[in-house]
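Subject: Structure handover and notes

Dear colleague,

I am passing on the structure below, together with the notes I made while going through it. Please read the two side by side.

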Amino acid sequence: MAALLLTGGRVVDPANRLDAQTDLLISEGKIAAVGADAAKLAPRDAERMAVNGLVVCPGLIDLHVHLREPGQTSKETLATGTAAAARGGFTSVVCMPNTSPAIDNAGTVALIRERAAQQGIVNVFVTGAISNNLAGEELAPIGGLKRAGVVAITDDGHCVQNNDLMRRACEYAKMFDLPVMDHCQDYALVTDGVMHEGYWSTVLGLRGWPSAGEEVIVARNILLAELTGTKVHCQHLSAAGSVALLREAKKRGVPISGEACPHHFTLTDAAVAGSEKFWGNDGKQIFRTPNFPEWPKYDTNFKMNPPLRSARDREAILEGLADGTIEILCSDHAPHCDYEKEVEFDYAPFGITGLETELALSLMQLVHAKRISLPDLIAKFTVNPARLLNLKKGTLNAGADADVTIFDPDAEWIFEKAATASKSANSPFYGWKLKGRAVTTIVGGKIV
Ligand SMILES: [Zn+2]
């Protein structure tokens, strides 16, 4: 396809403060023009697509995804993971290094980039480990990782406990102009906790993972970002205290940032006690329309790390997203096989899939609930993650790669297990009536 003209959509490009009903022209894989000129500049043989009533925005970026290659292809592959991304409206994903072997060397980075170029249908950016084998004992070769093309370092799934090692990681990362992303978990406080420590963990007899286990590391990261001047990014924030710490630090100008995932600002720990307890308590506050799928207690699709927390924590995450304290949205898409999840709650792995539901859940909880504007939501999925990771993505500037997402913010649909593009099916949101859905995902000018 040489050229594609999208006509009559609501074009939203937060980086350029654009929000208008207008046209967009794509040519030779690049954005050629936006606005009244687009139709005039379109070649006569350009394909035309009327997108009235739909939102046209820069291709969405999810900076926290587990694609499971290399080594865990029974859970997900670059082909299936990027297919799930495209289905969800995402044109770029950033994959985490807790694979088997871990992404802690240039060779593994090269392998993933090569396989992604062959098999991926969306852009795949790679993160490298902070420490060798994510063991938290010695630094990974950060310079070599940077030369191999990583966009950040993180030990996601693990957390460097040694504060001096983390300080050195920040110092090296700064030399190579890489942000440090961190999965915030203090092992001594969390021990073998499997759900949020609170009322429901007591009722259910499950070991607790206290909020302080996250907040302690968020505080550590703020201090190290301030000490070293390195950009430090706190992944998948779940606790009210973390938001308060981040808000205060950002006021002082500390180079710290945070992200939130839809499950943490939609669900609460009551969901682990089953659908009846959730909808009878914390669920009542979120959806006015009847929306009551059922699930049993101890359902392992409600087990993630960090865990679902209290209604107060959920509210704090929403407030943090609304006031800009948390500037990035992501899924922490973490596929696992059925047989791994179909065990007792204590023994199941942490994590859920999320690429196909995150846009809808974010629209519902933030835009439809009137907490933030549509352009603000789009910024958290586009220009904000692009800026953090120095990606040349996330805008509709003329000349930029033609990564474009077209979505219907009001489309109502039900997420069905049989329809998922992911290789795994560990989502808590099957059967949920969702509002907002990607219609077309365009990567480098191609509809995928
Ligand atoms: Zn994590």
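A salt bridge is taken here as a side-chain nitrogen of Lys or Arg within 4 Å of a carboxyl oxygen of Asp or Glu. Please keep in mind that this is a predicted model, in which local features need pLDDT of at least 70 and side-chain atom pairs count only at pLDDT 80 or more, while totals for chains, interfaces and linings use all residues. Residues are numbered from 1 along each chain as its sequence is written, and side-chain values use heavy atoms, with hydrogens and water left out.

Salt bridges

Searching the whole structure by that criterion gives 19 salt bridges. One of them joins Asp403 to Lys393, with 2.8 Å between the closest N and O atoms. Asp403 and Lys393 both lie in the loop between α16 (383–389) and β15 (404–414), so the salt bridge ties together parts that are 10 residues apart in sequence; helices (H or I, at least four residues) and strands (E, at least two) are DSSP runs, numbered from the N terminus. Both partners are buried, where buried means under 20% relative accessible area, exposed means over 50%, and partly exposed is in between, using a 1.4 Å probe and protein chains only.

Lys393 also forms a salt bridge with Asp401, again with the closest N and O atoms 2.8 Å apart. The relative accessible area of Lys393 is 14%, whereas Asp401 is partly exposed at 26%. Together with Lys30, the residues Lys393, Asp401 and Asp403 are linked in a network of salt bridges.

Elsewhere, Arg168 and Glu171 form a salt bridge in which the closest N and O atoms are 3.1 Å apart. Arg168 and Glu171 are three residues apart in helix α5 (residues 163–175), which puts about one helical turn between them. An α-helix has 3.6 residues a turn, so residues three or four places apart point the same way. Both residues of this salt bridge are partly exposed, Arg168 with a relative accessible area of 33% and Glu171 with 27%.

The zinc site

The protein donors of the zinc ion are Asp156 (OD), His183 (ND1) and His236 (NE2), at 2.0 to 2.3 Å from the metal. Donors are N, O and S atoms within 2.8 Å of the metal (3.2 Å for Na, K and Ca), and since water is not among the atoms, sites may look incomplete. The spacing of the donor residues in sequence is D-x26-H-x52-H. Asp156, in the loop between α4 (142–148) and α5, and His236, in the loop between β12 (232–234) and α9 (240–251), are 80 residues apart, and the pair links distant parts of the chain. Asp156 is buried at 1% relative accessibility, and His236 is buried at 2%.

Sheets and a hairpin

Three strands form an open sheet in the order β6-β7-β8, with parallel pairing, two strands being paired if DSSP finds at least two bridges between them. At its edges stand β6 (60–65) and β8 (123–126), each with a single partner strand, so one side of each is left without a neighbour in the sheet. Four bridges join β6 to strand β7 (residues 90–95), and Asp62 has Val93 as its bridge partner in β7.

A further open sheet has four strands in the order β9-β12-β13-β14, and its pairing is parallel. Here β9 (180–182) and β14 (328–329) are the edge strands, each with a single partner strand. Within this sheet, β12 and strand β13 (residues 256–260) run parallel and are joined by three bridges, with Ser257 in β13 as the bridge partner of His233.

Antiparallel pairing is found between strand β2 (residues 18–27) and strand β3 (residues 30–34), over four bridges, and Leu25 stands opposite Ala33 in β3. These two strands form a hairpin with two residues between them, and Glu28 in the turn has a positive phi of about 55 degrees.

A buried helix

Helix α15 (residues 374–381) is largely enclosed by the rest of the structure, because seven of its eight residues are buried. The buried residues of α15 include Leu374, Leu377, Ile378 and Phe381, and Lys380 is also among them.

Best regards
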